[in-house]
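Me: I'd like to walk through a structure with you, one question at a time. Could you reason each answer out for me and finish on the value or name I ask for?

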Amino acid sequence: MQLNDSPTERSTAATDLLLSLAALFGLVYLQASTPVGSWRTGLWSWAFALIAAAAALGALYHGLVLPQRLRTPIWQALTFLLGMALALFGVGLTYDLLGPRTGRISLPLWLAAGAVLFLAGRRFGAAFKLFILFEAAVLAAALVGYAWLTAAGALRGAGWVAAGVMLSLLAAAAQRFKHLHLKWIWEFDHNGIFHLVQTAGLVLLSRGLAAGG
């Protein structure tokens with residue numbers, strides 16, 4: 001396997017690995033900080049695991065020179081995993097806003113929505129665009145929801161979660177500006193900057209979710 005010649009692609013791969021490690025840290029921290037057997041903890045743990053797996057695939061996609069026959073399925077798998085992680089994020093939001101029973105009932109509906117969007121994107125050649133729209137909708141709803149929970153004092157750690165969601169939204173916005181460039185030891189393009197901001201967002205999310213039990 002040959003490393004990508006592009007400095008920004010290599011830094012993107014490195015930040016993808018950092019993001020994957022942050023997601024794994026969030027999973028372990030959440031498991032260690034909440035009651036054993038908690039349905040909510042299991043749900044968010046799966047979300048973090050999917051993010052970790054997607055980011056690891058992203059590191060391969062950006063960091064290595066791969067034939068197109070490998071790049072295409074890696075990208076499709078990455079997009080699917082992120083879509084499922086966002087669906088679980090939606091379930092978590094439903095659980096915290098509307099209660100455990102509604103959260104559990106919403107699980108298959110959210111997963112079906114994520115799968116349908118992915119399949120529709122593949123069918124019409126717009127998988128990543130649909131993912132971006134899905135991401136924006138889920139994160140915007142989560143920001144409003146957890147901000148409300150914070151203001152109402154209804155859930156411990158909701159402020160940390162809202163802050164993490166805000167960083168996630170900022171990261172997603174930064175990724176859309178392809179002219180963004182930063183040089184600090186390494187060179188980072190819009191993807192690398194997205195990963196760095198998103199990593200910080202995951203740390204805040206982990207803190208908040210663990211506090212909420």
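Me: Which helix does arginine 71 lie in, and is arginine 71 buried or exposed?
Reply: Happy to help, and please keep in mind that this is a predicted model. Arginine 71 belongs to helix α3. Its relative accessible area is 18%, and the cut-off for buried is under 20%. So the helix is α3 and arginine 71 is buried.

Me: Which ring does the charged end of arginine 71 sit over?
Reply: A charge counts as over a ring when, among other conditions, CZ of Arg is within 6 Å of the ring centre. Here the charged end of arginine 71 is 3.9 Å from the centre of the ring it sits over. That ring belongs to tyrosine 61.

Me: How far apart are the C-alpha atoms of arginine 71 and valine 138?
Reply: Along the chain, arginine 71 and valine 138 are 67 residues apart. In space, their C-alpha atoms are separated by 27 Å.

Me: What is the distance between the end C-alpha atoms of α3?
Reply: Helix α3 has 31 residues, and at 1.5 Å a residue it should span 45 Å. The distance in the model agrees with that expectation. The end C-alpha atoms are 44 Å apart.

Me: Which residue follows α3, and what is its phi?
Reply: The residue after α3 is glycine 99. Its phi is positive, near 105 degrees.

Me: Let's turn to the aromatic rings. How many aromatic pairs does the structure hold, and what is the arrangement of phenylalanine 25 and tyrosine 29?
Reply: The structure holds 6 aromatic pairs. In the pair of phenylalanine 25 and tyrosine 29, the centres are 5.7 Å apart and the planes differ by 10 degrees. Planes under 30 degrees apart count as stacked, so this pair is stacked.

Me: Where do phenylalanine 25 and tyrosine 29 lie?
Reply: The two residues are 4 apart in sequence, about one turn of the helix. Phenylalanine 25 has 44% relative accessibility and counts as partly exposed, and tyrosine 29, at 29%, also counts as partly exposed. Both lie in helix α1.

Me: Why does the pair of tryptophan 39 and tyrosine 95 count as stacked?
Reply: The ring centres of tryptophan 39 and tyrosine 95 are 5.6 Å apart, with the planes at 15 degrees. Pairing needs centres within 6.5 Å, and planes under 30 degrees apart make a pair stacked. The angle that makes this pair stacked is therefore 15 degrees.

Me: Which helices does the pair of tryptophan 39 and tyrosine 95 link?
Reply: The two residues are 56 apart along the chain, so to speak in distant parts of it. Tryptophan 39 is partly exposed, with 26% relative accessible area, whereas tyrosine 95 counts as buried at 15%. Tryptophan 39 is in one helix and tyrosine 95 in another: α2 and α3.

Me: On to the pockets. Which element gives the largest share of the lining of the largest pocket?
Reply: The largest pocket holds about 670 Å³ of space and is lined by 32 residues, with Leu82, Phe131, Glu135, Gln175 and Phe194 nearest its centre. Elements giving two or more residues to this lining include α1, α3 and α7. By class, the lining has 20 nonpolar, 8 polar and 4 charged residues. The largest share, 8 residues, comes from α2.

Me: Which element gives the most to the lining of the second largest pocket?
Reply: About 180 Å³ of space lies in the second largest pocket, and its lining residues include Leu3, Arg10, Trp186 and Glu187. The lining divides into 8 nonpolar, 2 polar and 2 charged residues. At least two residues each come from α1, α2 and β4. With 5 residues, the element that gives the most is α1.

Me: How far apart are the C-alpha atoms of isoleucine 193 and threonine 15?
Reply: Isoleucine 193 is in helix α7 and is buried, at 16% relative accessible area. Along the chain, isoleucine 193 and threonine 15 are 178 residues apart. Their C-alpha atoms are separated by 8.3 Å.

Me: Is glycine 121 buried or exposed?
Reply: Glycine 121 is found in helix α4, and its C-alpha is 8.2 Å from that of phenylalanine 131. Its relative accessibility is 1%, and the cut-off is under 20%. So glycine 121 counts as buried.

Note on methods: Residues numbered from 1 in each chain as written. Predicted model: local features only at pLDDT ≥ 70, side-chain atom pairs only at ≥ 80, totals over all residues. Heavy atoms only, no water. Phe/Tyr/Trp six-rings, centres within 6.5 Å; stacked < 30°, edge-to-face > 60°. Buried < 20%, exposed > 50% of the residue type's maximum accessible area, 1.4 Å probe, protein only. Lys NZ or Arg CZ within 6 Å of the ring centre and 35° of its normal. Expected span 1.5 Å × (residues − 1). 1 Å grid on protein atoms, 1.4 Å probe; cavity = no way out; pocket = protein on both sides within 12 Å on 5 of 7 lines; lining within 4 Å. Points joined across faces, edges and corners; volume = space filled by probe spheres on them. Nonpolar A, V, L, I, M, F, W, Y, C, P; charged D, E, K, R; others polar.
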